[in-house]
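The following exercises concern the fold, the sheet and the core of one protein. Each task is followed by a solution in steps.

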Amino acid sequence: MPEGQPEEIAPLGLMSYDLTFRDISLDLHTYTCEVLRRLCADGRAAAWVGFEGSFHYDHLLTTEDISSSVYGYCVSDADPVASWDMAALRSAAWKEGIAETRAALEELLPRP
């Protein structure tokens with residue numbers, strides 16, 4: 001679990017994993033999409049994968065701050081999206097997808 005988790009997030013089942021690959025022959029695009037698909041398959045969920053350091057709670061999935069550091073995302077009832085192409089990660093379309101994922105995440109958070 002991430003350290004310093006905000007109180008409103010802790011009961012929602014937020015999980016953080018660090019992955020280290022020993023077999024680099026894997027098709028990482030397919031693998032990433034399948035992991036995201038499984039995370040969002042059972043009920044309301046938002047999931048994303050990103051470079052280390054891109055998960056600070058103060059700007060989780062904030063479009064301008066973090067979008068190019070997130071290389072995959074998925075929400076319930078949608079197909080996962082993943083890319084490692086820097087041009088794609090900096091594109092307006094990618095930022096829009098990250099913003100939609102952020103909106104889905106906000107819908108899961110309790111209202112004050």
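**Exercise 1. Determine how α4 is placed against the strands, and which of its residues are buried or exposed.**

Solution.

Step 1. Helix α4 lies across β1, β2 and β3 and runs at about 50° to β2. Axes here are lines fitted to C-alpha atoms, for helices over the stretch in contact, and angles run from 0 to 180 degrees between N-to-C directions. Helices (H or I, at least four residues) and strands (E, at least two) are DSSP runs, numbered from the N terminus. The model is predicted: local features need pLDDT of at least 70 and side-chain atom pairs pLDDT 80 or more, whereas totals for chains, interfaces and linings use all residues. Residues are numbered from 1 along each chain as its sequence is written, and side-chain values use heavy atoms, without hydrogens and water.

Step 2. Check the length of α4. The 17 residues of this helix (92-108) should span 24 Å at 1.5 Å a residue, and its end C-alpha atoms are 25 Å apart, which agrees. The expected span is 1.5 Å times one less than the number of residues.

Step 3. List the buried residues (under 20% relative accessible area; exposed is over 50%, partly exposed in between; 1.4 Å probe, protein chains only). In α4 they are W94, G97, I98, T101 and L105. Their arc around the axis is only 95°, which places them on the same side of α4; the arc is that of the directions from the helix axis to the C-beta atoms. An α-helix has 3.6 residues a turn, so residues three or four places apart point the same way.

Step 4. Turn to the opposite face: the exposed residues A92, A93 and E100 are carried on the face of α4 turned away from its buried side.

**Exercise 2. Establish the order and pairing of the strands in the sheet.**

Solution.

Step 1. The open sheet has three strands in the order β1-β2-β3, paired antiparallel. Two strands pair if DSSP finds at least two bridges between them.

Step 2. Because β1 and β3 (81-82) are at the edges with a single partner strand each, one side of each has no neighbour in the sheet.

Step 3. Count the bridges. Five join β1 to β2, and two join β2 to β3. A46 stands opposite V75 in β2, while Y73 has V81 in β3 as its bridge partner and G72 faces A82.

Step 4. Inspect the β2-β3 hairpin: five residues lie between the strands, and D77 takes a positive phi near 65°.

Step 5. Assess burial: β2 is largely enclosed by the rest of the structure, because five of its six residues are buried.

**Exercise 3. Identify the residues with the most contacts inside the largest nonpolar core, then examine V70 and S67.**

Solution.

Step 1. A nonpolar core is a set of buried Ala, Val, Leu, Ile, Met, Phe, Trp, Tyr and Cys residues joined through side-chain atoms within 4.5 Å. The largest one has 18 residues, and W48, L61, V70, I98 and L105 have the most contacts inside it. The elements giving two or more residues to this core are β1 (46-50), β2 and α4.

Step 2. Leaving aside residues up to four places away in sequence, V70 touches W48, V49, G50, L61, L89, W94 and I98. Contact means heavy atoms within 4.5 Å.

Step 3. S67 lies in the loop between α2 (63-66) and β2 (70-75). With 1% relative accessibility, S67 counts as buried. Beyond residues up to four places away in sequence, S67 touches T62, L89, W94, K95 and I98.
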